[in-house]
Amino acid sequence: MIPVISLFAFLALILFINRRQLGVSTMADYATANHSIGVLGITFGFLATWYVGAGYTVFSGFAVSFGMIGMYVIPYGIVTLLVMYLVAEKTFIWCKKYQLRTQSELLGLRYRSDFLRVLTGFAGVGLSVPWLLMEWYTIGYVFNYATAGFISPLLGMIIGIFVVVFYVAMGGMRSVVTANIVQGLYMMVVGSGVLIYVLYSELGGLTAAMERLFYEAPKAMTFPGPGWDVSPNYWTAIIITSGLGGFMWPWVYNKLFAADSIRTIKQSVLFAPVLGILSFALLFILSMALHPLPFAQKNPEEALFWVHAQAGVWPLALFAVLVMAASLGTVSGILNAMSTAISGDIAQVINRKISEKTALLIARWSVVVMSIGALVGAYLKEGQLVFLALMTYQGMIVLSPVVLLGLYWRRANKIGAIAGFLLGMMVSFGLTLSEPAFIQTYGWTPGVYGFLTTLIIMLIAGYMRPVESHVETLWSDITKAKEG
Amino acid sequence: MSAKLVRSRRRTALFITLISATIFITTFPPIFLWANTIEPRFMGLPFALVWNISLSLLAAVFFAAWYVSESRAGALDLDVEVETGK
């Protein structure tokens with residue numbers, strides 16, 4: 001009973017703290033909170049969106065099964081934050097000057113191409129779908145596990161959808177970030193506390209847990225882990241692809257558009273790595289420590305839930321809320337970004353006569369329709385969600401040359417960006433689906449080849465054409481802002 | 001190009017190099033394989049794990065230094081005029 005009360009109390013808290021944010025009346029406010037979010041909102045907005053609920057099931061299961069390799073998430077986070085720091089300045093200046101609302105709109109402006117805007121808008125929406133499905137499923141799973149089967153996964157998903165759809169559709173980015181602050185604080189403070197408690201109560205503390213791992217499964221303490229033979233290039237590839245792709249998700253990138261200043265964004269890069277490193281390290285150390293336990297080896301994705309249930313009803317309740325907080329943070333960010341993209345980057349580009357009021361209505365209904373669609377998808381396709389979600393990273397990394405070269409290289413042009421993006425996607429997904437032998441032998445993931453394809457095409461196209469005239473104007477905006 | 005912009009570029013280049021160096025050391029296979037060992041252990045944690053966490057914390061220190069350096073140079077309080085034509 002305590003876990004289910006805790007879950008409902010947390011959902012009620014999210015709605016309560018958002019009660020004053022629900023009257024959003026313009027599309028700009030819905031998409032970017034009128035560029036008003038401070039450092040607390042951006043830091044926790046970033047962390048709560050980036051931390052997925054599946055991190056406590058699927059990804060921790062990876063560390064339970066293979067040990068140390070699960071720690072790739074920490075250096076990958078550093079790559080992502082470097083990208084965030086690098087794109088912050090130009091994104092913020094152009095976003096404020098031209099009143100931009102989304103990553104795709106930014107690319108449309110930089111490359112002066114509506115086609116690229118719509119294309120990246122579609123890609124952002126399409127590649128986010130598996131994550132939305134997986135997080136819905138996680139919410140249903142949390143309810144089901146925490147209530148010992150009393151609430152079915154389907155009913156759990158419906159309860160979660162009702163709450164998230166309500167505050168995202170009504171409050172937009174403002175509600176998403178307000179909820180993210182609560183979710184992020186819970187994850188960092190209470191979540192870390194319960195993980196430490198379980199490490200000591202169930203495994204005898206850090207040193208004892210590691211001693212057991214050392215004597216019973218030492219292979220889990222180094223790369224690649226027990227029962228797995230893979231090239232060390234794989235380590236490099238997963239860090240670079242995840243790190244470069246990690247900040248390209250529209251639901252993460254769009255948080256930049258909500259910030260009130262560059263100082264805010266850069267301050268959040270100060271706090272995010274330390275908070276992220278500490279909490280991720282804790283999560284993966286606990287997961288690694290579970291490796292020698294027979295139940296955990298047989299059920300790696302369920303291992304963290306199981307060990308918290310062993311620790312008692314309160315640890316289970318607090319852990320269930322932790323996973324719920326992580327899932328809600330991601331789901332709300334995805335829904336906000338997808339609905340903004342559908343309305344602003346697709347509908348308003350295809351039909352420029354759509355008013356701001358209608359655009360807001362489209363965004364709100366998009367949230368409802370996507371949520372119901374995702375509910376059906378998550379319920380029917382549960383078994384394939386992890387595979388699909390991980391596959392999307394191979395597509396997302398392809399966007400990184402388009403964004404980074406667009407922001408830092410004047411010669412980057414529309415033709416190179418479009419051709420590079422399309423061909424890079426084809427290479428990346430082609431190799432993912434066909435799985436040629438060299439991918440396994442050499443260790444580079446398909447996304448690396450897709451990334452290199454896009455990069456090379458953009459470089460060739462850049463040197464084949466002169467710098468476009470509008471680019472000089474954009475660059476002079478940056479110079480003017482920096483020189484004051 | 002003004003002296004302010006030149007300093008800004010140099011600063012950016014310096015910190016990108018430092019942070020990229022930590023990423024390179026973490027990911028470059030020969031160095032990664034050298035560090036991919038259990039001993040010496042710290043509080044029971046394998047060296048491979050401590051090495052990765054330490055390098056990430058070092059990168060976090062570089063981020064902090066970058067921020068402080070930009071803040072002192074007044075590079076974080078930019079005035080941006082809104083384009084009224086849109």
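Select chain A. It has 22 helices and 0 strands. Helices (H or I, at least four residues) and strands (E, at least two) are DSSP runs, numbered from the N terminus. This is a predicted model: local features need pLDDT of at least 70, side-chain atom pairs count only at pLDDT 80 or more, and totals for chains, interfaces and linings use all residues. Residues are numbered from 1 along each chain as its sequence is written, and chains are lettered from A and ligands numbered from 1 in the order in which they are written.

Stay on chain A and turn it around. Its C-alpha atoms fill a box of roughly 65 × 55 × 45 Å along the principal axes. The radius of gyration is 22 Å, which agrees with the value near 23 Å for a compact globule of 484 residues. That radius is taken over C-alpha atoms, and the globule rule is 2.2 Å times the number of residues to the power 0.38.

Now colour chain A by burial. Of its 484 residues, 61% count as buried. Buried means that 20 or more other C-beta atoms, placed from the backbone, lie within 10 Å of the residue's own. Next, look at contacts, meaning pairs whose C-beta atoms, placed from the backbone, lie within 7 Å. Among chain A contacts between residues at least 6 apart in sequence, 83% join residues at least 24 apart.

Switch to chain B. Here there are 3 helices and 0 strands, in the pattern α-α-α along the sequence. The C-alpha trace spans about 60 × 30 × 25 Å along its principal axes. A compact globule of 86 residues would have a radius of gyration near 12 Å, but chain B has 19 Å. Of these 86 residues, 27% count as buried.

Show both chains. The contact takes 44 residues from chain A and 40 residues from chain B. On the chain B side, H1 (3-27), H2 (29-35) and H3 (47-72) each supply at least two residues. Select H3(B): the largest share of that side, 12 residues, comes from this helix.

Finish on H1(B). How far apart are its end C-alpha atoms? They are 36 Å apart, which agrees with the span expected for 25 residues at 1.5 Å a residue; the rule is 1.5 Å times one less than the number of residues. Pick out its buried residues: Ile19(B), Thr22(B), Ile23(B), Thr26(B) and Thr27(B). They pack against H5 (73-98) and H10 (233-246) of chain A, together with H2 and H3 of chain B.

Conventions
Buried ≥ 20, exposed ≤ 12 C-beta atoms within 10 Å, placed from the backbone. Contact = placed C-beta atoms within 7 Å.
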